[in-house]
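Colleague: Please take a close look at one part of this model and then go on from there to the other parts you can describe in the same detail. I would like the numbers along with the description.

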Amino acid sequence: MRLTVFFILIALVQQPGGPPYSPQSALSTFRVEPGFRIELVTSEPDITSPVAMDIDEDGRWFVVEMPGYPLDTSPSGRIKLLEDTNGDGRPDKVTVFADQLVLPTGVMRWKRGVLVTAAPDVLYLEDSDGDGKADKRTVVLTGFAVTNPQHSVNGPTYGLDNWIHLAYSGGGGALIFPELFGDRGKPLTFPGSPSVAGVDARSRAVRFRLDPPRVEPRSSDSQYGNTFDTWGHYFTSENNDHIRHEVVAARYLERNPQLPVSAAARPISDHGGAARVFPITANPQYELLTESGEFTSACSLTMYTGGLFQGDYARSSFVAEPVHNLVHRDVIEPSGSSFVARRGSEGREFLASTDPWFRPVNFYVGPDGALYVVDYYRARIEHPEWTASEFHKNPAQFTLGRDRGRIYRIVPDGTPRPGAAPHLSTATDAALVQALSHTTLWWRRTAQRLLLDRRPPQIAPALETLARQGASPFGRLHALWTLDGLGVLDDGFVVRALGDTEAGVRENALRLAESRLAGSAVLQAAVLARAVVEQDARVQFQLLATLGGLDSAESRAAHQQLFFAHLDDPWMQVAALSAGPDRAATYLQAALLPGSGVRARQSEGHAAFFTLAGSAVAATREPGRVADLVAEVARGGARDAWWQAAALEGVRRGMRGAGASVLGTSRADLLALAQGPDTEVRRRSLELLATAKLGEGPEASAAVTQALALAANPATDAARRADAISLAALGGVASREAQFEAWVDPREPEAVQVAALAALTTVPGEAVGRFALKVWPTLTPGARTQAIELLQADPARERMLVEALRTGAVQSWAMNFWQKRDLIMHRDPELRAAARALLEDRPEARAAVVNRYAAAVERGGSAERGGAVFAKACAACHKVGNGTPTDLGPDLSGIRHRPPLALLVDVLSPNQSIAQGYETYVIERANGRSDAGTLADQTPTTVTLRQAGQPILIPRGDIKTITMLPQSSMPTDLDKVVSPGEMADLLAFLTKR
């Protein structure tokens, strides 16, 4: 029996009496925070496989059932309509509102029916004859990727802004089940309005409206679930990054598409990404290397907006972690232009269960202020795409529990049971206006939606009175947005709101002002006046973003003053520079004035500004602007190295492959900087010189001669010598091969050898390839990596490399993942086939390796010795706990409770289970160049890959295709460098307590 199967069977051993447990028995498995109680509201057989819910204006429940997860793409999905007919707070009447749905993910009450997300569509379902069953079905929006349901479109939410918001992260690139989930999606279109052009969401969350039809991508994505706080701030999550705040809206970034911003959303957890969680599960079952003790399935982030919880609980967020059978709580607190999320309780979770079948997948804050927990109740929750290959052929284990499901209510102790259901459908218009001030967001949101649906002709005065005189800031807020949605918001009410005593109202007033500013001098004056007196950090951020849409001397002056007052906030930098392509140059010029305090005070924020502004200037591709910036850098003094290096790094990022045509006039300045005393400034300058080309002439010749002499002096610092070699190489290597080859010598420092090999890489032909293979046995690890780069830089040398791999002259384990990937995915079919025969992981051979290691691992190893093995073989990509951080591989501190033999399979066969978030993507650019790495961040204008710790920013306009690869970036030949005994020590180190 295979080891993976053996441990899966162990994990599924049932406790006496369960699991599975009956709905009532399951209550005894819960541990909820003190001061709260959890109640069962509904369960099987009334509902099965629930994933989402909404409660309508009359207290009726619409529950989404998705029994088909994970692989059944037949139309088995349903929407159940649940009603409480006797007023006891529990639904007792159940009707199948709609069926024949394929993997539905979300529901939202709309008009006289509901909107349902079921990729590729958003459907409108309506019961027109009142029998509780939908008899109308219309596709209102389509084009979403038909993909793994964990990445599919979901979470329809009615926003404060009167738009409908959808969580979306795009096609996940199915590898094992491409025929089911390999669809990448299409431009989003409205079938009922074919004249409306399609919109490419590019794997981002979206918002849309139907009257008139319009859809817009947001600036970030969200995997399963999205949420708003009471003031309309948008929060998202990913499976291992449980809470993020979308700080910069897409409409601001789209004003300056040349601004190379890598992310528009900020992770706000103060306990980190892939944060530690505290399960209490008995006999837990995990699928992947990173799925134990840390977030790996975070979903359905929900801000508490119910008005029933008190203290910190009133400003808490809740997120489901179904793999660990728990609900995590954070307390949300302001932090500059954004927020910070701190743990609600140390060392425990808000809700956890000992039952491994408890699978919280969604929440709902109801009209009673309670937090409702949707429990999918399954034996397993992972998609087979991400599991061991045994399940690819026999995924039946994943359907255990599809006939079960529960929804629970959590309320503070002493809370009475819910009373009569609301009946807002028959409420008067005046009652709906009054509901806009309710302490529970459900009432405010529902009333606002109903008022926009009814559009009563004489409602404006009542709304205006509330906006002007309402005692509740929530009432004033919703009155403003309702007036806006009805198209009757007067500018005077926006001006009044700009002076509101509540910061959240002022912030929203600025958003409401934006579409009106161009035509209203009164509004412009009010916004400018607000910029002078505003003290709230998030309102100041909104002011900066809003002012960027104005272009007058007064607005520019206010914009600049506000920006420089908050320069250390990186999000204020993005908001400021998004105003237009000219702002970066303007603000750099101001920052570099002799009397400026920006260049005088070194800080992380100031350095980030020089990098971002430098990249924005370079992205314009205007030689004059770039030359002015480089010249200013060259004029800097000894104390300016920190910002010089930052600005040059920005220029490098912004150039995006542009060459001598942009940097040509800066050669002399770059040459001087490349010979300066500061290492970072030298290296950034050398990188730009390589792009600009050194050129000819006496200055260039003298610089090369001086560099060669410096490189040959063994008394010189190794880093300085390496940089001198790089500079000399810009003058040409072919005529000096022997000189550069002489520096590839074991007696030379590694940095010198690496620089010499990098220089030789530019020489075409087989001769330098033969040299690299000759010295291969003498090379250190860093030099070996560069030697592989040299061999792969020329087609003839690539064939030499493949032959060396075949004969064993070069060892495959000496190549990093990206180098192997280039061979395995080579465009030359003959070379590709030869490389695959040598480098691809063969399951039968891998199983033999696992068996060979198993005996040593079973005997156990030394955690102390294992620390040294980790440093040698793993630390370049991973950390453990407080180790050195890396972004290439996950933190392994959460795996310590896993059995060593189970870990052995994952370590030696990483392609069986690639950790989510560490998949490898290849992006082919329009010019034919390709880049590979793990996907770091996305914005409306850029995609960022990470490769060995280095970010690669790629403008979306340069992208031709994006493809996810079926290989893990973790080496599959770790057995070549780690012996069985060392592996036993390594696993002892990773699992030590």
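Modeller: The expected span of a helix is 1.5 Å times one less than its number of residues. The model is predicted, and the part I take up at the start is helix α29, residues 795-807. With 13 residues, α29 covers 19 Å from its first C-alpha to its last, close to the expected 18 Å.

At the start of α29, the backbone nitrogen of Ala796 has a side-chain oxygen of Asp794 within 2.9 Å. Just after the helix, Gly808 has a positive phi of about 90°. The buried residues of α29 are Ala796, Arg797, Glu798, Met800, Leu801, Val802, Ala804 and Leu805. Arg797 and Glu798 are thus listed as buried along with residues such as Leu801 and Val802. An α-helix has 3.6 residues a turn, so residues three or four places apart point the same way. Among the elements that cover the buried residues of α29 are α27 (767-775) and α28 (781-792), together with α30 (817-824) and α31 (829-839).

A second helix to look at is α9, residues 473-486, which holds Trp481 and also Thr482. Trp481 has a relative accessible area of 9% and is therefore buried, the cut-off being under 20%. Thr482, at 0%, is buried as well. Apart from neighbours within four places in sequence, Trp481 is in contact with Leu160, Asp161, Asn162, Gln448, Asn508, Arg511 and Leu512. One of these, Asn508, is 27 residues from Trp481 in sequence, with 8.8 Å between the C-alpha atoms.

Thr482, not counting residues up to four places away in sequence, touches Leu436, Gln448, Leu451, Leu452 and Leu463. Gln448 is thus a contact of Trp481 and also of Thr482. Leu452 is 30 residues from Thr482 along the chain, and their C-alpha atoms are separated by 7.0 Å. The side chain of Thr482 also reaches the backbone oxygen of His478, at 2.6 Å.

Next, the aromatic side chains. The count of aromatic pairs comes to 28. In one of them, the ring centres of Phe30 and Tyr408 are 5.0 Å apart and the planes are at 80°, so this pair is edge-to-face. Phe30 belongs to strand β1 (residues 30-32) and Tyr408 to strand β26 (residues 406-412), so the pair ties together parts 378 residues apart in sequence. Phe30 and Tyr408 are both buried.

Another edge-to-face pair is that of Phe564 and Phe609, with 6.4 Å from centre to centre and 70° between the planes. Here the partners come from helices: Phe564 lies in α14 (residues 553-564) and Phe609 in α17 (residues 604-619), so the parts tied together are 45 residues apart in sequence. Phe564 is partly exposed, with a relative accessible area of 24%, whereas Phe609 is buried at 0%. Phe564 and Phe609 also belong to a cluster linked by ring pairs, whose members are Phe563, Phe564, Tyr587, Phe609, Phe610, Trp642 and Trp643.

That leaves two sheets. An open sheet of 4 strands runs in the order β7-β8-β9-β10, with antiparallel pairing. Its edges are β7 (106-110) and β10 (136-142); each has a single partner strand, so one side of each is left without a neighbour in the sheet. From one strand to the next the twist averages 25°. Within this sheet, β8 (residues 113-118) and β9 (residues 121-126) are paired in the antiparallel sense over 6 bridges. Thr117 has Val122, in β9, as its bridge partner.

The other open sheet, also of 4 strands with antiparallel pairing, has the order β11-β12-β13-β14. β11 (154-158) and β14 are its edge strands, each pairing on one side only. Its twist averages 20° from one strand to the next. The antiparallel pair of β13 (residues 206-210) and β14 (residues 213-217) has 5 bridges, and a hairpin of 2 residues joins β13 to β14. Across this pair, Val206 is opposite Pro217 and Arg209 is opposite Arg214.

Conventions. Residues numbered from 1 in each chain as written. Heavy atoms only, no water. Pairing = 2+ DSSP bridges. Axes fitted to C-alpha atoms, helices over the stretch in contact; angles between N-to-C directions. Buried < 20%, exposed > 50% of the residue type's maximum accessible area, 1.4 Å probe, protein only. Contact = heavy atoms within 4.5 Å. Polar contact = N/O pair within 3.5 Å; in protein donor to acceptor, adjacent residues only side chain to side chain. Phe/Tyr/Trp six-rings, centres within 6.5 Å; stacked < 30°, edge-to-face > 60°.
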